[in-house]
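Please keep the model open in your viewer, with side chains available for display, and follow the selections below in the order given.

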Amino acid sequence: LPYEKYYDVNIIKEATEYEIEYWYKLYLNIKKNKLKLNTFDLPKKIFKKLVDDRNWLILELKLKKEYQEDAVDTPLSICFIHKSKNNISPIFLGLDYDYFEQFKPYRQNLFQVIKQGVKLDVDNIYLGMEAGLEKSRFGATLLKKSAYIQTNESYNLERLNIFAVTK
């Protein structure tokens with residue numbers, strides 16, 4: 001991958017409050033821009049708890065010093081990967097969009113997640129629900145899934161349906 005040479009890739013074992021604060025800012029960058037799959041904001045304390053949980057990998061991508069334009073040594077990407085016995089799944093991602101076009105941190109993040117899966121010798125790497133084209137470049141296959149909900153009242157759902165966009 002042509003952009004790999006620009007990055008230092010780190011698996012984080014511990015973090016300062018400043019780092020967690022910065023990761024949260026990167027996470028919110030994604031959250032604000034991804035409107036197809038939008039949920040509530042996660043509480044910041046979750047990120048601290050994930051650092052201490054052995055079922056999670058925290059993958060950090062930083063620009064190597066020679067490619068940094070300023071003295072700020074902050075990550076361009078942070079990815080929280082859940083790991084089980086035979087699978088890994090990147091669940092939360094944060095990106096610095098100021099470097100998005102120049103250094104392709106999202107694509108590099110996908111590549112590094114796959115490398116972690118190979119290193120851990122997992123059976124499956126579940127890459128999530130968006131950016132299908134980007135993920136297909138790495139050989140990912142689309143699995144169609146459905147979700148169902150049950151509600152005790154339908155008034156609010158019916159009201160929302162009035163505003164539904166149809167194609």
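Begin by selecting glutamate 101 and lysine 104, whose side chains meet in a salt bridge with an N to O distance of 3.3 Å. Bear in mind throughout that this is a predicted model. Glutamate 101 is exposed, its relative accessible area being 58%.

A search of the whole structure finds five salt bridges, and two others are worth displaying next. Select lysine 31 and aspartate 41, which form a salt bridge whose closest N and O atoms are 3.3 Å apart; the pair links distant parts of the chain, with lysine 31 in helix α1 and aspartate 41 in the loop between α1 and α2, ten residues apart. Which of these partners is buried? Lysine 31 is buried, with a relative accessible area of 14%, while aspartate 41 counts as partly exposed at 43% relative accessibility. Then move to lysine 48 and aspartate 52, where the side chains meet in a salt bridge at 3.9 Å, N to O. Lysine 48 counts as partly exposed at 33% relative accessibility, and aspartate 52 is exposed, with a relative accessible area of 57%.

Next, turn to the interior and select Trp23, Phe47, Ile58, Phe80 and Phe92, the residues with the most contacts inside the largest nonpolar core, which has 18 residues. Colouring by secondary structure helps here, as α1 (17-33), α2 (45-51), β2 (56-63) and β3 (75-83) each supply at least two residues of this core, and α1 gives the most to the core, with seven residues. Apart from this core lies another, of 13 residues, which includes Cys79, Ile81, Ile88 and Leu93. Centre the view on isoleucine 58 and show its surroundings: leaving aside residues up to four places away in sequence, isoleucine 58 touches Asn10, Ile11, Ile12, Trp23, Leu50, Val51, Ile78, Cys79 and Phe80.

Now display the rings, of which the structure holds nine aromatic pairs. Tyrosine 6 and phenylalanine 103 form an edge-to-face pair, 5.0 Å centre to centre with 75 degrees between the planes. This pair links distant parts of the chain, tyrosine 6 lying in the segment before β1 (7-11) and phenylalanine 103 in helix α3 (residues 100-103), 97 residues apart. Tyrosine 6 counts as buried at 18% relative accessibility, and phenylalanine 103 is buried too, with a relative accessible area of 4%. For phenylalanine 47 and phenylalanine 80, the ring centres are 4.9 Å apart and the planes stand at 70 degrees, so this pair is edge-to-face. Because phenylalanine 47 lies in helix α2 and phenylalanine 80 in strand β3, the pair ties together parts that are 33 residues apart in sequence; both residues are buried. Extend the selection to Trp23, Tyr24, Tyr27, Phe47, Trp56, Phe80 and Phe92, which form one aromatic cluster.

Go back to the segment before β1 and select lysine 5, which counts as partly exposed at 47% relative accessibility. Lysine 5 and leucine 63 are 58 residues apart in sequence and 9.2 Å apart in space, C-alpha to C-alpha. Not counting residues up to four places away in sequence, lysine 5 touches Lys64 and Tyr67.

Finish with helix α4 (residues 105-120), whose 16 residues reach 22 Å from the first C-alpha to the last, close to the 22 Å expected at 1.5 Å a residue. Its buried residues include Pro105, Tyr106, Leu110, Phe111 and Val113. The helix α4 is followed by aspartate 121, whose phi is positive, near 55 degrees.

Definitions and conventions: Residues numbered from 1 in each chain as written. Predicted model: local features only at pLDDT ≥ 70, side-chain atom pairs only at ≥ 80, totals over all residues. Heavy atoms only, no water. Helix = DSSP H or I, 4+ residues; strand = E, 2+ residues; numbered from the N terminus. Expected span 1.5 Å × (residues − 1). Buried < 20%, exposed > 50% of the residue type's maximum accessible area, 1.4 Å probe, protein only. Core = buried A, V, L, I, M, F, W, Y, C linked by side-chain atoms within 4.5 Å. Contact = heavy atoms within 4.5 Å. Phe/Tyr/Trp six-rings, centres within 6.5 Å; stacked < 30°, edge-to-face > 60°. Salt bridge = Lys/Arg side-chain N within 4 Å of Asp/Glu carboxyl O.
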